[in-house]
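Student: Could you take me closely through one part of this model, beginning in a loop and following its surroundings outwards? I would like each step of the reasoning to be spelled out.

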Amino acid sequence: MNVLIVTPTYNERDNLPVLVEGLLKHDGTRILVVDDGSPDGTGAVADALAAQHPGRVEVMHRTGPRGLGRSYVDGLLHAIREGRAEFICQMDADLSHNPEYLPDLVHAAANNDLVIGSRYLRGVSVVNWPLHRIFLSAFGNRYIRLITSLSTTDCTSGYRCWRR
């Protein structure tokens, strides 16, 4: 398995070490942290993790136009240009996606162009989210489904895997 996980960060200094530890348990995984100049020092934490895990953790410090979508675009373009990964995944750094499911995502991507992980397959499977965040996510998904007529229950998932 040769997987690169693109993980945008903004003020994720406490979550990032937990996420990296969970992802590096899987052989053949590398992580690209895309930091948008987090004022809480997430970029420095990411640099320390990269030094601790050379060749497995890389950091992109972004300046200029920022935001989650732009971070994913820049990270995914980097992954494609690099050309080493067989599979490219995206994953939020807020611990709403469980690294334990990464092998299942990659395995499914071996026979599919895109695999999307969901927090809502069997009810809500998010831990440590405050109630207002669960409400916002549920409302956002219902709103998107209403406007677009999609039947998908997790329109906001940021846990995806593509075959390169």
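Tutor: With a relative accessibility of 36%, N11 counts as partly exposed, and since the model is a predicted one, this value, like those that follow, is computed from predicted coordinates. N11 sits in the loop that runs between β1 (3–9) and α1 (15–24), and its phi is near 55 degrees, a positive value in a residue that is not glycine. As background, most residues other than glycine have a negative phi. L95 can be read in a similar way: its phi is near 70 degrees, again positive in a residue other than glycine, and it belongs to the loop between β4 (87–90) and α4 (102–109). With a relative accessible area of 29%, L95 is partly exposed.

The loop that holds N11 leads into α1, and that helix is largely enclosed by the rest of the structure, because 7 of its 10 residues are buried. The buried residues in question are N15, L16, L19, V20, G22, L23 and L24. They pack against β1, β2 (29–35), α2 (42–52), β3 and α4, so that two elements already mentioned, β1 and α4, are among the packing partners of the helix.

What does the charged side of the picture look like, and how many salt bridges does the structure hold? There are 6 of them, and the general idea behind such pairs is that side chains of opposite charge can pair when their charged atoms come close. One of these pairs joins R84 to E82, with 4.0 Å between the closest N and O atoms; that value lies right at the limit of the criterion, which asks for a separation within 4 Å. R84 is partly exposed at 48% relative accessibility, and E82 is likewise partly exposed, at 24%.

Another pair is formed by D113 and R163, whose side chains meet at 2.3 Å, counted from N to O. This salt bridge links distant parts of the chain, for D113 lies in the loop between α4 and β5 (114–117) while R163 lies in strand β6 (residues 159–163), 50 residues apart. D113 counts as exposed, with 56% relative accessibility, whereas R163, at 38%, counts as partly exposed. Elsewhere, salt bridges that share partners join D36, R62, R70 and D74 into one network.

Within that network, R62 and D74 deserve a separate look. Their salt bridge has its closest N and O atoms 2.4 Å apart, and it too links distant parts of the chain, with R62 in the loop between β3 (57–61) and α3, and D74 in helix α3, 12 residues apart. Both R62 and D74 are buried. S71 gives a further view of this region: it is placed in helix α3 (residues 68–82), and its relative accessibility of 2% makes it buried. Leaving aside neighbours within four places in sequence, S71 is in contact with P8, V34, D36 and R62, and two of these contacts, D36 and R62, are members of the salt-bridge network.

A question about the sulfur atoms remains: how many disulfides are found by the distance rule? The count is 0. C89 is in no disulfide, although the sulfur of C161, the nearest cysteine sulfur, is 3.1 Å away, and C161 is likewise in none, its nearest cysteine sulfur being that of C89 at 3.1 Å. The pair is left out because a disulfide requires the two sulfur atoms to lie within 2.5 Å. Both cysteines are buried: C89 has a relative accessible area of 0%, and C161 also has 0% relative accessibility.

Finally, the surface offers a contrast to these buried residues. F135, F139, Y143, L146 and I147 form a nonpolar patch there, with about 620 Å² of accessible area together. F135, one of its members, is found in helix α5 (residues 131–148) and counts as exposed, with a relative accessibility of 61%.

Technical notes. Residues numbered from 1 in each chain as written. Predicted model: local features only at pLDDT ≥ 70, side-chain atom pairs only at ≥ 80, totals over all residues. Heavy atoms only, no water. Buried < 20%, exposed > 50% of the residue type's maximum accessible area, 1.4 Å probe, protein only. Helix = DSSP H or I, 4+ residues; strand = E, 2+ residues; numbered from the N terminus. Contact = heavy atoms within 4.5 Å. Patch = residues over 30% accessible without salt bridge, like charges linked within 9 Å, V, L, I, M, F, W, Y side chains within 5 Å. Areas by Shrake-Rupley, 256 points an atom, 1.4 Å probe, with all protein chains shown as cover.
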